[in-house]
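Here is my note on the model you sent round. Please keep the sequence and the 3D view open while you read.

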Amino acid sequence: ISMSGIALPDSVTEIGGGAFQSCTGLTQIVLPDGVTKIGSGAFFHCTGLTQIALPSSVTEIEASTFQDCTSLPEITLPDRLTEIGAEAFRDCTSLTSLTIPDSVTKVGGNAFAGTPWLAQQKQNNKIVYVGQCVVACRKDLSKANIREGTKQICAEAFKDCSGLREIILPVDVTEIGISAFEGCTALTRVTLPEKVEEVGYRAFFGCSNLAQMVLTLDQLSMSQRMFQPNAKTVELFLRVGDGEPLDVIASFRKEYFMQSWDYPKEYLVPLEPEDIPVYDRLVASGKYEGFQMNEDGRIKAMLLRLQDTERPVSEEFRGMFADFLSGKASKVIKLAEKEKNAAYVHTLISVGVVDGANRKRVKKHLAASDLSELRELAEKLDQEPPAVRPQKGNGAVEQKYLDRLRKVNARGV
């Protein structure tokens with residue numbers, strides 16, 4: 001479509017998605033006061049556009065709004081702008097001058113990819129900020145102390161920053177984008193601020209040396225999508241309280257997680273008596289199901305089952321823990337063989353699930369496994385004394401928890 005210049009009437013309050021898409025003859029446009037939103041792809045591939053005036057009323061620029069506007073050299077974004085969509089200025093290959101207000105709190109992935117402006121910013125700054133967001137960094141960065149007031153770590157902001165050893169996130173961060181730290185192979189520890197409500201998929205994929213992460217109870221359910229299923233063990237330290245000093249009260253090793261994509265929602269954690277109040281809070285939050293044995297009982301562990309309607313529990317593994325308690329280890333062993341990871345079975349044994357009542361049957365299943373690590377566990381059972389049965393009088397308490405466990409495992413999530 002060929003048009004050179006256009007002035008829109010004052011009655012216009014929104015530019016719809018794709019409104020001027022591929023108007024390659026359009027060179028300049030003035031948007032009237034009162035426009036608050038510019039829709040997705042509104043000026044996509046307007047390759048002749050050299051000048052556009054945005055009114056102060058604009059608060060949102062959606063995805064790909066100015067993508068591929070290859071002749072646009074500069075733009076001033078209005079002071080009330082809060083959100084810039086994904087790829088909004090991608091491949092604006094002439095864009096060298098960009099004025100962005102501090103009011104911006106959310107920036108979509110690759111919003112400025114392929115622009116000379118971003119290349120210059122990365123050359124001049126180790127960390128590139130857009131308003132209250134981190135959008136990119138230099139690949140030679142070794143330590144990132146994110147400035148106070150930052151709200152968002154954008155998608156791929158630190159991706160493949162292989163020398164990054166330390167990241168300090170300020171208290172106001174609420175979102176960590178998709179693949180934000182993917183490939184940061186030197187990163188060893190991360191503390192998530194308490195206000196973080198969203199962590200994108202693959203946020204820490206490929207962080208091969210990441211050993212510890214500190215997070216809150218509410219953030220625990222996001223941890224499964226942060227890491228690769230076969231990643232190195234990561235200790236997840238929980239802390240409790242709003243605004244309280246850091247209090248590490250339990251460690252959740254990733255090797256205890258169910259790694260199967262068919263069953264990605266189980267945590268089995270050795271439970272010490274002092275951790276029971278923490279467990280109770282997890283279950284009370286309504287985001288988890290679980291069980292625990294009394295302090296003097298046979299089992300001292302907690303199982304947290306994440307509520308996940310998108311990935312229902314696979315029928316082939318339903319009831320596996322109740323079965324294991326009675327000596328029917330086939331389901332647990334089948335999962336371990338499928339994932340080629342015996343750590344989960346090892347944890348079950350280490351917290352006292354195997355005793356004189358089921359020891360013989362469990363050992364038989366382990367010894368017949370195709371997985372060498374499981375066969376080794378069968379041999380270790382001969383070397384270790386069986387778990388001690390609870391003292392007389394505690395049987396009713398133990399039975400209550402066993403019944404509860406069976407009910408938990410019997411129903412879907």
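The points below take the sheets, then the salt bridges, then a patch of charge.

1. **Status of the model.** This is a predicted model. Please read each point below with that in mind.

2. **The parallel sheet.** One open sheet has 5 strands. Their order is β2-β4-β6-β8-β10, and the pairing is parallel. Strands β2 (14-15) and β10 stand at the edges. Each has a single partner strand, so one side of each is left without a neighbour in the sheet.

3. **One pairing inside that sheet.** Take β4 (residues 37-38) and β6 (residues 60-61). They run parallel and are joined by 2 bridges. Look for K37 first: its bridge partner in β6 is E60. As a reminder, strands of a sheet pair through backbone hydrogen bonds, either parallel or antiparallel.

4. **The mixed sheet.** Another open sheet of 5 strands runs in the order β11-β12-β14-β16-β18. Here the pairing is mixed. The edge strands are β11 and β18, and each of these pairs on one side only.

5. **The antiparallel part.** Which strand pairs with β11 in the antiparallel sense? The partner is β12, and 4 bridges join the two. Strand β11 covers residues 127-130. At its end, V130 has C133 of β12 as its bridge partner. The two strands form a hairpin with 2 residues between them. In this hairpin, G131 takes a positive phi near 60 degrees.

6. **The parallel part.** On to β14 (residues 152-153). This strand runs parallel to β12, with 2 bridges between them. C133 stands opposite Q152 in β14. So C133 turns up twice in this note, because V130 in β11 also has C133 as its bridge partner. Next comes β16, which runs parallel to β14 and is joined to it by 2 bridges. Q152 stands opposite E175 in β16. You can step from V130 to C133, from C133 to Q152, and from Q152 to E175.

7. **A buried strand.** How many residues of β12 are buried? The count is 5 of the 5, over residues 133-137. The strand is therefore largely enclosed by the rest of the structure. V135 lies in this strand. Its relative accessible area is 14%. The cut-off for buried is under 20%, so V135 counts as buried. V135 and G108 are 27 residues apart in sequence. In space, their C-alpha atoms are 8.8 Å apart.

8. **A salt bridge between two strands.** The whole structure holds 7 salt bridges. One of them joins the side chains of E175 and K106, at 2.7 Å from N to O. E175 lies in β16 (residues 175-176) and K106 in β10 (residues 106-107), so the pair ties together parts that are 69 residues apart in sequence. Is E175 buried or exposed? E175 is buried, with a relative accessible area of 14%. K106 is partly exposed, at 32%. Recall that β10 is an edge strand of the parallel sheet, while β16 belongs to the mixed sheet.

9. **A salt bridge between two loops.** The side chains of R202 and E182 also meet, again at 2.7 Å from N to O. This pair links distant parts of the chain, 20 residues apart. R202 is in the loop between β18 (198-199) and β19 (212-216). E182 is in the loop between β16 and β17 (189-191). R202 is partly exposed, with a relative accessible area of 28%. E182 counts as buried, at 12%.

10. **E87 and R90.** These two side chains meet in a salt bridge of 2.9 Å, N to O. E87 is partly exposed, with a relative accessible area of 25%. R90 also counts as partly exposed, at 25%.

11. **A patch of positive charge.** Which residues gather in a patch of positive charge on the surface? They are K328, K360, R361 and K364. K328 sits in the loop between α3 (320-325) and α4 (330-339). Its relative accessible area is 41%, so K328 is partly exposed.

Methods
Residues are numbered from 1 along each chain as its sequence is written. This is a predicted model: local features need pLDDT of at least 70, side-chain atom pairs count only at pLDDT 80 or more; totals for chains, interfaces and linings use all residues. Side-chain values use heavy atoms; hydrogens and water are left out. Buried means under 20% relative accessible area, exposed over 50%, partly exposed in between (1.4 Å probe, protein chains only). Two strands pair if DSSP finds at least two bridges between them. Patches are made of residues with over 30% relative accessible area and no salt bridge: like charges are joined within 9 Å, nonpolar side chains (Val, Leu, Ile, Met, Phe, Trp, Tyr) within 5 Å. Accessible areas come from the Shrake-Rupley method with a 1.4 Å probe; for residues, only the protein chains shown count as cover. A salt bridge is a side-chain nitrogen of Lys or Arg within 4 Å of a carboxyl oxygen of Asp or Glu. Lys and Arg count as positive and Asp and Glu as negative; His and the chain ends are not counted. The place of a charge is taken as NZ of Lys, CZ of Arg, CG of Asp or CD of Glu.
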